[in-house]
Amino acid sequence: MVAGLPSVIDAEGRLLPPVKVQACPHPFTAEHLRVEVPAGLTVAEILDIVQPDPMLRLHAHVWIGPHKIERHLWHRVRPNPGVELAIRVVPQGDGGGKNPLRIFLMVAVVALSIAAPYIGGTALGLMTTTGGISTLGAAVSAGIGVTGRLCVGEAKPPQ
């Protein structure tokens with residue numbers, strides 16, 4: 001149980017079981033928290049406990065069992081006593097109009113399309129006598145570039 005938070009007792013005097021929270025509160029670390037919070041708190045209040053940084057809370061996703069709880073409901077949903085709540089903060093956003101994953105992948109595609117004909121051509125003996133790439137090497141380079149760009153175009157940040 002989180003220190004400083006009271007236990008909850010129902011109308012018949014029984015102690016209600018806490019809500020079990022499993023959380024990955026940071027998008028770029030493997031930190032994994034398991035805490036218990038008193039029943040009766042809203043999802044928003046629980047998230048405040050698990051991830052006090054308001055900027056990181058903007059990128060949180062919350063589930064009760066298999067059901068994703070949409071952000072606009074966080075202030076109204078109160079998990080039942082004893083249920084498990086999962087919180088995951090993920091990297092996302094527009095990044096000022098730039099997607100870092102796409103940028104990284106495009107650099108990798110360009111590097112691969114430039115290097116592949118030379119590496120493969122040298123290995124297969126397809127280089128010309130002047131050290132340039134053959135027609136086959138140029139076709140491989142173009143194929144890697146086009147295919148890579150199509151794949152990068154499909155890369156989307158987590159929803």
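**Exercise 1.** In this predicted model, find which residue W63 stands opposite in β4, and place that pair in its sheet.

Solution.
Step 1. The residue across from W63 in β4 is K68.
Step 2. Strands β3 and β4 run antiparallel and are joined by 3 bridges.
Step 3. The order of the open sheet, which has 5 strands and mixed pairing, is β2-β1-β5-β3-β4. Its edge strands, each pairing on one side only, are β2 (33–37) and β4 (67–69).
Step 4. On average, neighbouring strands of this sheet are turned by 25° against each other, direction ignored.
Step 5. Helix α1 (residues 43–50) packs on the sheet and touches β1, β2, β3 and β5. The direction of α1 makes about 60° with that of β5.

**Exercise 2.** Decide whether H61 is buried or exposed, and list its partners.

Solution.
Step 1. H61 belongs to strand β3 (residues 60–64).
Step 2. The relative accessible area of H61 is 8%. Buried means under 20%, so H61 is buried.
Step 3. The side chains of H61 and K68 are joined by a polar contact of 2.9 Å.
Step 4. In β5, H61 has R88 as its bridge partner.
Step 5. I87 lies 26 residues from H61 in sequence, yet their C-alpha atoms are 5.8 Å apart in space.

**Exercise 3.** Describe the pairing and the two faces of β5 (residues 84–89).

Solution.
Step 1. With β1 (residues 19–24), β5 pairs in the parallel sense over 5 bridges; Q22 stands opposite A86.
Step 2. With β3, β5 runs antiparallel, joined by 5 bridges.
Step 3. L85, I87 and V89 form the covered face of β5, while E84, A86 and R88 form the uncovered one.

Definitions and conventions
Residues numbered from 1 in each chain as written. Predicted model: local features only at pLDDT ≥ 70, side-chain atom pairs only at ≥ 80, totals over all residues. Heavy atoms only, no water. Helix = DSSP H or I, 4+ residues; strand = E, 2+ residues; numbered from the N terminus. Buried < 20%, exposed > 50% of the residue type's maximum accessible area, 1.4 Å probe, protein only. Polar contact = N/O pair within 3.5 Å; in protein donor to acceptor, adjacent residues only side chain to side chain. Pairing = 2+ DSSP bridges. Axes fitted to C-alpha atoms, helices over the stretch in contact; angles between N-to-C directions. Contact = heavy atoms within 4.5 Å.
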